[in-house]
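Reader: I would like to go through this model with you and ask, for each label, what stands behind it. Could we take the labels in turn?

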Amino acid sequence: MEAAAEQGERGSRTQMLTGTVLGIDHTDLFYRVCALCERTLSFPSGDDSDVPASSLCKFCHPHPASASSASKRLFRILMSVATETKVFSVICFDRVARVLFGCSADDFFHFAKLHPFCGVTVNEILEGEMFTMTLTKPLNGNARHLRLASAVPLSSTFQPIIQVLREYYTSSRTSS
C-alpha cells in the first residue's frame, strides 16, 4: 500500500512532454560546490576566478584532503521552454546539462575563457531544438522552477554543444 502511494506521489511530481527550447540565460551557467562533498559554496556573485576562495567548505575544510581541491563548477541553466500550449521556465542541473554540453562545467568554463561569446552561441545552438523532456517538481519549497530531469533530442543530427562550439570556433578562425 505504501509503495503504491509513493509511486503515485512520484508520478504526480514528474511529467513527460515534448518541448522546444526558446532560450537560456547564458550569463549564469554555473555554480560552485565543494569538490569533495558537492555542497554549494557561497562565492561573491560573478566570481569566475580560478583562485580558491576564502570560503572553503565548512564541512570538509578540517580534513587535510580538502586542501588540494577547494571547489569545482556544476551546471545550473535556466531555460525557457515552449510546448503546444504554454511557455515556462525550467532549471537544467549538471547531470542533464553534461549530456547536452558533452563536457563538465569546468571544461566549458575554461573553453569560454578563450571564447568569451560562446555563451551567446550556446543560446543560438539550443534555440529551436526540440526535446522529449521529463520534468519534476522541485523538492525545495522555496524553488520557483520545474527541474529538467532528462532531455532526449528529437533531431537525429543533434551533437553535444561543446563539439558544435569547437567546430564553429575552429572554422571561424581558419576562415578569417
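Reader: Why is C92 called buried?

Author: Happy to start there, with the reminder that this is a predicted model. The relative accessible area of C92 is 0%, and buried means under 20%, so C92 earns the label. C92 is also the bridge partner of I77, in strand β4.

Reader: And C103, why does that cysteine count as buried?

Author: The same kind of test applies. C103 has 10% relative accessibility; the cut-off is under 20%, so C103 counts as buried.

Reader: How do you know that C103 is not bonded to C118?

Author: The sulfur of C118 is the closest cysteine sulfur to that of C103, at 9.4 Å. A disulfide needs the two sulfur atoms within 2.5 Å, so this pair is too far for a bond. A search of the whole structure agrees, with zero disulfides found.

Reader: What makes β3 and β4 a pair of strands?

Author: Pairing asks for at least two bridges, and seven bridges join β3 to β4 (residues 87-93). The two strands run antiparallel, and a hairpin of four residues links them.

Reader: Which other strands pair with β3, and how many bridges support each pairing?

Author: Strand β1 (residues 14-24) pairs with β3 (residues 71-82) over four bridges, and β2 (residues 30-34) pairs with β3 over five bridges. Both pairings are antiparallel, and both satisfy the requirement of at least two bridges. For β2, you can look at F30, whose bridge partner in β3 is F75, and at Y31, which stands opposite L74.

Reader: Why is β2 described as largely enclosed?

Author: Five of the five residues of β2 are buried, so the rest of the structure largely encloses this strand.

Reader: What puts V21 in the buried class, and where does V21 lie?

Author: V21 lies in strand β1. Its relative accessible area is 1%, and the class begins under 20%, so V21 is buried. Across the pairing, V21 stands opposite V81 in β3.

Reader: Which residues does V21 touch?

Author: Leaving out residues up to four places away in sequence, V21 touches S80, L126, E127, G128, E129, F131 and M133. The C-alpha atoms of V21 and M79 are separated by 6.9 Å, although these residues are 58 apart along the chain.

Reader: Why is R73 called buried, given that it is an arginine?

Author: The label rests on area alone. R73 has a relative accessible area of 7%, and the limit is under 20%, so R73 is buried. R73 has its place in strand β3.

Reader: What makes the R73 and D106 pair a polar contact?

Author: The distance between the two side chains is 2.8 Å, and the limit for such a pair of N or O atoms is 3.5 Å. The pair therefore qualifies as a polar contact.

Reader: Which residues touch the most other members of the largest nonpolar core?

Author: That core has 36 residues, and I77, M79, L100, F101, F108, L126 and L165 touch the most other members. Helix α3 (residues 105-114) gives the most to this core, with five residues. As for L100, its contacts are M79, C92, F131, A151, F158, P160 and I161, not counting residues up to four places away in sequence.

Reader: How do you know that helix α4 is largely enclosed?

Author: Seven of the nine residues of α4 (residues 118-126) are buried, so the rest of the structure largely encloses the helix. The buried ones are C118, G119, T121, V122, N123, I125 and L126. Just after α4, G128 takes a positive phi of about 90°.

Reader: Stepping back to the protein chain, how many helices and strands are there, and what is their order?

Author: The protein chain has five helices and six strands. From the N terminus, the elements run α-β-β-β-β-α-α-α-β-β-α.

Reader: And how many of the residues count as buried, in percent?

Author: Of the 176 residues of the protein chain, 38% are in the buried class. The chain exposes about 10700 Å², with 54% of that supplied by carbon and sulfur atoms. Among contacts between residues at least 6 apart in sequence, 67% join residues at least 24 apart.

Definitions and conventions: Residues are numbered from 1 along each chain as its sequence is written. This is a predicted model: local features need pLDDT of at least 70, side-chain atom pairs count only at pLDDT 80 or more; totals for chains, interfaces and linings use all residues. Side-chain values use heavy atoms; hydrogens and water are left out. Buried means under 20% relative accessible area, exposed over 50%, partly exposed in between (1.4 Å probe, protein chains only). A nonpolar core is a set of buried Ala, Val, Leu, Ile, Met, Phe, Trp, Tyr and Cys residues joined through side-chain atoms within 4.5 Å. Contact means heavy atoms within 4.5 Å. A polar contact is a pair of N or O atoms within 3.5 Å; within protein, one must be able to donate a hydrogen and the other to accept it, and residues adjacent in sequence count only if both atoms are side-chain atoms. Accessible areas come from the Shrake-Rupley method with a 1.4 Å probe; for residues, only the protein chains shown count as cover.
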